[in-house]
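Student: Could you walk me through how to read a fold like this one? I'd like to go feature by feature.

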Amino acid sequence: YFLSTWRIGLYFVLKSYEFKKDDEVLITGIGIPDTINSICLAGLKPVFVDMDLETHNLDINELKKKISPKTKVIHITYLSGLVPDMDQICKISNENNLILLEDISQAYGANFKGKLCGTFGDASIGSFSLGKTISSNGGGVVMINNPEIKSEFEKIFANNLKIPNKLFLLKINLNQL
């Protein structure tokens, strides 16, 4: 599914689940502010997990410590295409019945043990903004790997996207230049 921005993709994916207010999403402490904004707008609480210095992703030991009864999602970002130990992250996600979401914006084509990034979790979200592996003037993509949320995501996708006005598009394009 193609969208105008990555942040809308993350928001739509989060809204595709039936979370309670203030359920928690585990994220790295490094990333874009819109990760936090999308999580909060979806009625959820971002919880920061210390970063592994080698992979710039979630530190596995810290990840285990941060899981609480309110934790529902692990959100990973492959910063600069660096891929963490996905065996461990998937194991933690599965053992705790947590949703795994992947930000593939900087890792298109990256893999872990021969499996493409973006195919480990329930959904993956990518950005095409400047500075990304595949870039343009903007835009985002969502790939749904969990068929249980596909129909809800499609409803949100169909009912909430509006055609932006030309002035808005002009401002975005000028800003990107």
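Tutor: We'll go from the sheet to the helices and then to a few single residues. Keep in mind that this is a predicted model.

Student: Sounds good. What is the strand order of the sheet, and how do the strands pair?

Tutor: Start with who pairs with whom, then look at direction. Here 7 strands form an open sheet in the order S1-S9-S8-S5-S4-S2-S3, and the pairing is mixed.

Student: Which strands stand at the edges?

Tutor: Look for strands with a single partner. In this sheet they are S1 (2–3) and S3 (45–49), so each has one side left without a neighbour in the sheet.

Student: And how do I see the mixed pairing around S8?

Tutor: Check each neighbour in turn. S5 (residues 99–103) runs parallel to S8, joined by 3 bridges, with Asp103 standing opposite Ile125. With S9 (residues 140–144), S8 pairs in the antiparallel sense over 5 bridges, and there Ser124 faces Met143.

Student: What about S2 and S3, parallel or antiparallel?

Tutor: Parallel: S2 (residues 24–28) is joined to S3 by 5 bridges. One pair to look up is Leu26 with its bridge partner Val47 in S3.

Student: Back to S8. Is that strand enclosed or open to the outside, and why?

Tutor: Count buried residues, with buried meaning under 20% relative accessible area. In S8 (residues 123–127), 5 of the 5 residues are buried, so the strand is largely enclosed by the rest of the structure. Then split the strand by face: Ala123, Ile125 and Ser127 point to one side, Ser124 and Gly126 to the other, and both faces are covered.

Student: Which strands does H1 lie across?

Tutor: For a helix on a sheet, list the strands in contact and then take an angle to one of them. H1 lies across S1, S4 (71–77), S5, S8 and S9, at about 165 degrees to S8. H2 (residues 33–41) does a similar job for you to trace: it lies across S2, S3 and S4, at about 140 degrees to S3.

Student: How do H1 and H2 sit relative to each other, parallel or oblique?

Tutor: For a helix pair, read off the distance, the angle and the handedness. The axes of H1 and H2 come within 9 Å and cross at roughly 30 degrees. Under 35 degrees counts as roughly parallel, and H1 and H2 are therefore roughly parallel to each other. Their crossing is right-handed. On the H1 side the contact uses Trp6, Arg7, Leu10, Tyr11 and Leu14, which meet Asp34, Thr35, Ser38, Ile39 and Leu41 in H2. By class, that contact has 6 nonpolar, 2 polar and 2 charged residues.

Student: And what about H1 with H5?

Tutor: Run through the list again. The axes of H1 (residues 6–15) and H5 (residues 147–160) come within 8 Å and cross at roughly 130 degrees, and the two helices are therefore oblique to each other. H1 passes H5 in a right-handed crossing. Gly9, Phe12, Val13 and Lys15 in H1 meet Glu152, Phe153, Ile156, Phe157 and Asn160 in H5. The contact divides into 5 nonpolar, 2 polar and 2 charged residues.

Student: Now single residues. Is Thr35 buried or exposed?

Tutor: Take the accessibility, then the neighbours. Thr35, in helix H2, is buried at a relative accessible area of 7%. Leaving out residues up to four places away in sequence, Thr35 touches Trp6, Leu10, Ile27 and His75.

Student: What does Ile92 touch?

Tutor: Ile92 is in helix H4 (residues 86–95) and counts as buried at 3% relative accessibility. Beyond four places in sequence, Ile92 touches Ile60, Leu63, Lys64, Ile67 and Ile74. Ile92 and Ile74 are 18 residues apart in sequence, with 9.4 Å between their C-alpha atoms.

Student: Which backbone angles should catch my eye?

Tutor: Most residues other than glycine have a negative phi. Asp22 is not a glycine, yet has a positive phi of about 70 degrees. Asp22 lies in the loop between H1 and S2 and is partly exposed, at 35% relative accessibility. His56 also has a positive phi, about 55 degrees, without being a glycine. His56 is placed in the loop between S3 and H3 (60–66), and at 30% relative accessibility counts as partly exposed.

Conventions
Residues numbered from 1 in each chain as written. Predicted model: local features only at pLDDT ≥ 70, side-chain atom pairs only at ≥ 80, totals over all residues. Heavy atoms only, no water. Axes fitted to C-alpha atoms, helices over the stretch in contact; angles between N-to-C directions. Helix = DSSP H or I, 4+ residues; strand = E, 2+ residues; numbered from the N terminus. Parallel < 35°, antiparallel > 145°, perpendicular 65-115°, else oblique. Left-handed = near helix turned anticlockwise from the far one by under 90°. Contact = heavy atoms within 4.5 Å. Nonpolar A, V, L, I, M, F, W, Y, C, P; charged D, E, K, R; others polar. Buried < 20%, exposed > 50% of the residue type's maximum accessible area, 1.4 Å probe, protein only. Pairing = 2+ DSSP bridges.
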